[in-house]
Amino acid sequence: MQAIPGYATTKKIEQEGSGPGIAKGNNVTVHATGVVKETGKKFWSTKDPGQQPFSYQAGVGGVITGWDQGCLGMKVGETRLLEIPAHEGYGAAGFPAWGIPPGGTLFFTLECLKIE
């Protein structure tokens, strides 16, 4: 895993992509799968039946901090694993409705589909 300067979140490129990388302010579409590190349980995936790829504006706080910073530089076709500590994820309270415990560390696998 590689450090993300200024953050506790770490990243690992699992499959290289091509073209320009995600920059702050880009509109991005990704496949995303989230797993709680402590339990190994998946809490969300855009690849599950009935789900669709997720679109958001990168680097402006529209998603949790670890994801927001961890996606920067991704290229179309790239798959990246992020390990996001609680304080850059859902914090001390967790997100009980999704099965994320208080202080839970998250693994997010992101696949960059489109950058605009």
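## Close-up views of a predicted model

Cys-112 is buried, with a relative accessible area of 1%; here buried means under 20% relative accessible area, exposed means over 50%, and partly exposed covers what is in between, using a 1.4 Å probe and protein chains only. The model is predicted, so local features need pLDDT of at least 70 and side-chain atom pairs count only at pLDDT 80 or more, while totals for chains, interfaces and linings use all residues. Residues are numbered from 1 along each chain as its sequence is written, and side-chain values use heavy atoms, with hydrogens and water left out.

**View 1. Two buried cysteines, Cys-71 and Cys-112, that are not bonded to each other.**
Start with Cys-71, which is buried with a relative accessible area of 0%. How far is the sulfur of Cys-71 from the closest cysteine sulfur? The distance is 8.3 Å, to Cys-112, and that is too far for a bond. Cys-112 is likewise in no disulfide, since its nearest cysteine sulfur is that of Cys-71, 8.3 Å away. A disulfide is a covalent bond between the sulfur atoms of two cysteines. Counting a disulfide as a pair of cysteine sulfur atoms within 2.5 Å, the total for this model is 0.

**View 2. Strand S6 with its partners, S2 and S7.**
Helices (H or I, at least four residues) and strands (E, at least two) are DSSP runs numbered from the N terminus. Strand S6 covers residues 79-84, and 5 of its 6 residues are buried, so S6 is largely enclosed by the rest of the structure. Two strands pair if DSSP finds at least two bridges between them. Strand S2 (residues 10-15) runs antiparallel to S6, and 5 bridges join them. Look for Ile-13, which stands opposite Arg-80 in S6. Strand S7 (residues 106-115) is also antiparallel to S6, with 6 bridges between the two. Here Leu-81 faces Thr-109 in S7 as its opposite number.

**View 3. The hairpin of S1 and S2.**
Strand S1 takes in residues 2-3, and 2 bridges join S1 to S2 in an antiparallel arrangement. Find Ala-3 and follow the bridge across to its partner in S2, Thr-10. Between the strands of this hairpin there are 6 residues. Which residue of the hairpin takes a positive phi? That residue is Gly-6, with a phi near 85°.

**View 4. Aromatic rings that pair up.**
Rings of Phe, Tyr and Trp (its six-membered ring) pair if their centres lie within 6.5 Å; planes under 30 degrees apart count as stacked, over 60 as edge-to-face and the rest as tilted. The model has 13 aromatic pairs by this rule. One of them joins Trp-44 and Phe-108: their ring centres are 6.5 Å apart and their planes meet at 75°, so the pair is edge-to-face. This pair links distant parts of the chain, as Trp-44 sits in strand S4 (residues 42-45) and Phe-108 in strand S7, 64 residues apart. Trp-44 and Phe-108 are both buried. Now turn to Phe-95 and Trp-98, a stacked pair with 4.7 Å from centre to centre and 10° between the planes. Phe-95 is partly exposed at 29% relative accessibility, and Trp-98 is partly exposed at 34%. Ring pairs build a cluster whose members include Phe-43, Tyr-56, Trp-67 and Tyr-90, along with Trp-44, Phe-95, Trp-98 and Phe-108.

**View 5. Asn-26 and Ser-18, in the loop between S2 and S3.**
Asn-26 belongs to the loop between S2 and strand S3 (27-36). Is Asn-26 buried or exposed? At 18% relative accessibility, Asn-26 counts as buried. The side chain of Asn-26 reaches the backbone nitrogen of Ala-23 at 2.7 Å. Leaving aside residues up to four places away in sequence, Asn-26 touches several residues, among them Tyr-56, Gln-57 and Ile-115; contact means heavy atoms within 4.5 Å. Ser-18 is found in this loop between S2 and S3 too, but Ser-18 is exposed, with a relative accessible area of 51%. With residues up to four places away in sequence not counted, Ser-18 touches Lys-75 and Val-76. Ser-18 and Val-76 are 58 residues apart in sequence, yet 5.7 Å apart in space, C-alpha to C-alpha.

Notes
A polar contact is a pair of N or O atoms within 3.5 Å; within protein, one must be able to donate a hydrogen and the other to accept it, and residues adjacent in sequence count only if both atoms are side-chain atoms.
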